[in-house]
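Got your viewer open and a selection box ready? Here is a walk through one model, stop by stop.

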Amino acid sequence: MSDKYAGQAGGDVETIVGPSVKVEGEFVSEGNIIIEGQVTGKIKTSKQLRVEEGAKVNADVAADSAVVSGEIRGNMRLTTTLELTPTAKVYGDVTTKTLIVSAGAVLQGHTIMDESEKSKGKSGKKSEGYDESSVAVI
Amino acid sequence: MTKALLRSSKAHLDSEKVKKELQFLIRSGGVKTITSKSKRIGLESSSAYSLERKGTDGYLYLYDSYLQDPEYKNIIANIEKRLRDFEIFGKTIKLSSFTNPKVLIEDDMRHGIKTVIIVGNDDSFIRILSRAADLNVTFGFIPVGQKKNHFAEVLGVPLNEKACEVISARKIEKLDYATINEKNFFICYLYIPAARLKVQCDESFTADLRQDKFEIAIANLLPPPFESQRFQLHPQDGQMEIYFRPAAGGMLANLMGGKKKKQISTFYFKKILLKMEKPALVIADGRESKEAMITIEINKKKLAMIVGKERQF
């Protein structure tokens, strides 16, 4: 596996949808998923999802965590963290414990910060990475 | 004549007596005595195989036809000497290109063969396993010669007589294998140099790869040709990996496409259907054919293979 991906996703990359690939259906994985192309349907992983710049996702997403630089149209449910980079566009409701939004990112939809889950474990993580970002919830 | 008959009937009576004694010993559990007595009265196995055994396993050695070349005479002699040293030498069969190895192995399984050792190179390894992978035996590999022996490296088996130590150590790993087009077994790799296609994975999602020509590889025991560096093989995880990469075009296409065009897509699957727009060249475990559609489904049963410590998985 390429070093780029190994570094980005904690050395445990499994599924990659390349830039010129269109995927349709229920995309389920036990490992990390990196999307650079287009996905329509559903995405589910127990690990990390990365949606790269230029990628288009038209799907409901369930993952442990996600880093979004591309576009997602659909509801997102993350167990731990959602990070939106400056080029991210998310159109849908988001449920997560921790939300990190960089300046320039777009988030349109309801955001639920799952307090009940957070109080069970990693409380206090919320503030990490917030200093240099802005949150846009319309 | 009468004396001869008397001697014969006495011998018969003696053997009858011993048989009765044996039956008594069987009931009383005196196994060692039975063995020695059965040998004395000539009750050894009637099999013509005369297998030398280690433990309870019978060994069958399948020699590829190219080994009949005088070039390999000394190597084969050394291998057989080492196998005898380790007390694991058994029946040997020299394969011809028309032999169906599955039929041979099945026949020998009826005579107690439990371990089949392929003596040859990558071609021999694939030729035998693509037919016989589902048989209920343990496979081993003795790679002979310097050429075409990549699988030996993957399995951690050294070349020539040094492989005998690995065979003797009998470290067995269970490996994934699949069925290709519901016909042959697929063990190592599949490669399609260029095709526009649609892919259906595990009947749950489809990937459309028709807007560009893609280079495709499925890896189990060999890494894809375009991802060989620092590649980790997973032949025991119960699934297979498929890789797609936009096929290399001309210089202009490469310049216009830039770096992004070279990104590789990877999916894991248990069952996959590849539907090509036009029949395309497919190299599956070394066999070349033109195919418009390919199905590959991983088998629930695994392949028992003797491997070395230096294996790459």
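What follows is a list of things to select, with a word on what you should find at each. Keep in mind that this is a predicted model.

**Stop 1: the A/B interface**

Start by selecting chain A and chain B and showing the residues in contact. You should get 22 residues of chain B against 21 residues of chain A. The area buried between the two chains is about 1,700 Å², and carbon and sulfur atoms give 47% of that.

How many salt bridges does the rule find across the interface of chain B and chain A? The count is 0. Polar contacts do turn up there: 6 residue pairs, with both residues at pLDDT 80 or more.

Now colour chain B's side of the interface by element. Strands β10 (205–219), β11 (240–246) and β12 (265–269) of chain B each give two or more residues to the side that touches chain A. The largest share, 8 residues, comes from β10(B). Switch to colouring by residue class and this side of chain B splits into 10 nonpolar, 7 polar and 5 charged residues.

**Stop 2: a strand pair across the chains**

Stay with β10(B) and add strand β2 of chain A, residues 22–29. The two strands run antiparallel and are joined by 4 bridges. For one spot to zoom in on, pick G25(A): its bridge partner in β10(B) is F205(B).

**Stop 3: helix α5 of chain B**

Next, select residues 122–132 of chain B, which make up helix α5. Is this helix mostly covered or mostly open? Mostly covered: 8 of its 11 residues are buried. Among them are F125(B), I126(B), I128(B) and L129(B), and the buried set also includes D122(B), S124(B) and S130(B).

Then look at the N-terminal end of α5(B), where N121(B) acts as a cap. Put a distance label from its side-chain oxygen to the backbone nitrogen of D123(B), and it should read 3.1 Å.

**Stop 4: salt bridges, from buried to exposed**

Over all chains, a search of the whole structure finds 16 salt bridges. Here are a few to click through.

- In chain A, select R50(A) and E52(A): their closest N and O atoms are 3.4 Å apart. E52(A) counts as buried because its relative accessibility is 13%, and R50(A) is buried too, at 16%.
- In chain B, try D107(B) with R110(B), where the closest N and O atoms are 3.5 Å apart. D107(B) is partly exposed at 31% relative accessibility, while R110(B) is exposed, with a relative accessible area of 64%.
- Still in chain B, go to E203(B) and K271(B), whose closest N and O atoms are 3.4 Å apart. E203(B) lies in the loop between β9 (189–201) and β10 of chain B, and K271(B) is in strand β13 (residues 271–284), so this pair ties together parts that are 68 residues apart in sequence. E203(B) is exposed at 60% relative accessibility, and K271(B) is partly exposed at 31%.

**Last stop: a salt-bridge network**

Which residues are linked in a network of salt bridges? Select K81(B), R82(B), D85(B) and E165(B), show their side chains, and you have it on screen.

Conventions. Residues numbered from 1 in each chain as written. Chains lettered and ligands numbered in written order. Predicted model: local features only at pLDDT ≥ 70, side-chain atom pairs only at ≥ 80, totals over all residues. Heavy atoms only, no water. Contact = heavy atoms within 4.5 Å. Buried area = accessible area lost by both parts, 1.4 Å probe. Salt bridge = Lys/Arg side-chain N within 4 Å of Asp/Glu carboxyl O. Polar contact = N/O pair within 3.5 Å; in protein donor to acceptor, adjacent residues only side chain to side chain. Nonpolar A, V, L, I, M, F, W, Y, C, P; charged D, E, K, R; others polar. Pairing = 2+ DSSP bridges. Buried < 20%, exposed > 50% of the residue type's maximum accessible area, 1.4 Å probe, protein only.
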